[in-house]
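The exercises below ask you to read a protein model step by step, and each one is followed by a worked solution. Please look at the sequence and the structure before you begin.

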Amino acid sequence: MTSTPTIADVAAAADRIRPYVRRTPILSTEVDGRPVVFKLEHLQRTGSFKLRGATNALLSHPLPERVVTASGGNHGLAVATAAASVGVPVTVHTPDFVPAQKAERMAAAGAKLVRHPEMAEVFAAALEEGKEPGVRYVHPYDDPDVVAGQGTVTAEIVADAPEVDSIIVAVGGGGLASGVALAADGRHVVAAEPEGCCCFNAAVRAGEPVDAPVDSIAASGLGANRIGTIAFGLLTEAKAQSVLVSEEQIVAARDRLWEEFRLAVEPAAAVAFAALLSGEVPGERPCVILCGANTEWSPS
Ligand SMILES: Cc1ncc(COP(=O)(O)O)c(C=O)c1O
């Protein structure tokens with residue numbers, strides 16, 4: 001059984017990770033005349049919120065001899081960076097098809113990369129290595145220390161913009177969304193997912209976590225095929241609203257963030273804004289978490 005963290009764990013995580021992560025700013029603005037708050041977490045070190053959970057996972061226990069994880073992207077970069085900050089060697093199992101830029105950044109952060117043809121093998125190899133003595137396997141989302149770390153994003157929103165009454169968050173395996181449910185202090189929680197990969201929505205319909213297909217432009221961030229057990233419990237308890245968005249809505253939301261606000265985010269982060277634009281989100285002052293910026297960038 002995976003234990004469920006508490007709001008006290010989020011507060012402890014905030015103290016623990018403070019020296020290693022940025023306190024990201026908020027931007028209070030209007031969208032089509034409606035007051036909206038953006039949490040600019042895409043400005044986090046490594047380009048995503050993942051650094052918070054990874055750092056908290058490493059600092060919550062005596063430091064391991066080695067860290068291992070499975071990732072094709074932001075989580076791997078976050079674990080590599082967190083491990084480098086505390087001086088622990090790290091292995092990231094990754095798929096052969098990992099984008100070259102992401103592989104280079106993980107290697108530059110000091111990670112040893114082990115490549116495998118399929119994602120199933122990536123996870124199997126990381127889990128196997130994680131059983132070795134002195135090795136800490138850091139799960140991308142279904143780990144109480146990771147969830148508590150991700151909860152610090154919402155703790156900052158609540159502290160910096162207490163007037164926010166609903167919080168919109170993109171869901172992959174649900175680590176970030178679990179943190180919202182934990183730290184939102186009664187605010188309305190909106191779990192936004194692409195129609196093509198929506199494991200939280202599938203779990204809500206089935207009444208329990210189930211496998212769901214993964215096919216979306218946002219799959220590199222949101223491509224978990226099953227919602228985490230911690231996330232399913234916390235999001236259910238928080239009565240989170242599930243909102244699905246199409247590929248067209250995601251691309252339009254990403255483009256609008258750039259055109260109107262000069263905010264450059266990756267598709268996974270545009271999913272939450274797409275949910276806001278869908279008109280399905282209630283609230284006088286909603287907050288959209290912009291959770292990542294690791295997108296290809298080609299300067300002209
Ligand atoms: C940018 C971005 N947003 C959202 C997510 C989904 O996070 P979670 O698995 O905690 O739901 C990820 C996961 O890698 C991500 O990289």
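**Exercise 1. The cores**

Which residues of the largest nonpolar core touch the most other members?

Before solving this, note that the model is predicted, that local features need pLDDT of at least 70 and side-chain atom pairs count only at pLDDT 80 or more, while totals for chains, interfaces and linings use all residues. Residues are numbered from 1 along each chain as its sequence is written, and side-chain values use heavy atoms, with hydrogens and water left out.

Step 1. A nonpolar core is a set of buried Ala, Val, Leu, Ile, Met, Phe, Trp, Tyr and Cys residues joined through side-chain atoms within 4.5 Å; buried means under 20% relative accessible area, exposed means over 50%, and partly exposed lies in between, with a 1.4 Å probe and protein chains only.

Step 2. The largest core holds 65 residues, and those that touch the most other members are Phe38, Ile168, Phe273, Val288 and Ile289. Its largest share, 9 residues, is contributed by helix H12 (residues 267–277), where helices (H or I, at least four residues) and strands (E, at least two) are DSSP runs numbered from the N terminus.

Step 3. A second, separate core has 24 residues, among them Val21, Leu51, Val67 and Val90.

Step 4. To look at one member of the largest core, take Ile289: leaving aside residues up to four places away in sequence, its contacts (heavy atoms within 4.5 Å) include Lys39, Val153, Ile168, Leu176 and Ala272.

**Exercise 2. The chain as a whole**

Describe the overall build of the protein chain, going from its secondary structure to its dimensions and then to its contacts.

Step 1. The chain contains 12 helices and 10 strands.

Step 2. For 300 residues, a compact globule would have a radius of gyration near 19 Å, and the chain's 18 Å agrees with this; the radius is taken over C-alpha atoms, and the globule rule is 2.2 Å times the number of residues to the power 0.38. Along the principal axes, the C-alpha atoms fill a box of roughly 55 × 45 × 40 Å.

Step 3. Of the 300 residues, 55% are buried. Among contacts with a separation of 6 or more, 69% are between residues 24 or more positions apart.

**Exercise 3. An enclosed helix**

Is helix H2 largely enclosed by the rest of the structure or largely open?

Step 1. Helix H2 spans residues 50–59, and 9 of its 10 residues are buried, so the helix is largely enclosed by the rest of the structure.

Step 2. The buried residues are Lys50, Leu51, Arg52, Gly53, Ala54, Thr55, Asn56, Ala57 and Leu58.

Step 3. The elements that cover them include helix H1 (7–17), strand E3 (66–70), helix H3 (74–86) and helix H6 (144–160).

**Exercise 4. Arg256 and two loop residues**

What does Arg256 touch, not counting residues up to four places away in sequence?

Step 1. Arg256 belongs to helix H11 (residues 247–261), and it is classed as partly exposed because its relative accessible area is 22%.

Step 2. With those sequence neighbours set aside, Arg256 touches Val31, Asp32, Phe261, Phe273 and Leu277.

Step 3. Asp32 sits in the loop between strand E1 (26–31) and strand E2 (34–39), and it counts as exposed because its relative accessible area is 65%.

Step 4. Most residues other than glycine have a negative phi. Asp32, however, has a positive phi of about 50° although it is not a glycine, and Arg262, in the loop between H11 and H12, has a positive phi near 55°.

**Exercise 5. Two loops compared**

Are Val88 and Asp185 buried or exposed?

Step 1. Val88 is found in the loop between H3 and strand E4 (90–95), and because its relative accessibility is 7%, Val88 counts as buried. Apart from residues up to four places away in sequence, Val88 touches Leu63, Pro64, Glu65, Arg66, Val67 and Ala83.

Step 2. Asp185 has its place in the loop between helix H7 (175–183) and strand E8 (188–194), and at 63% relative accessibility Asp185 counts as exposed. Along the chain Asp185 and Asp165 are 20 residues apart, and their C-alpha atoms are separated by 9.8 Å.
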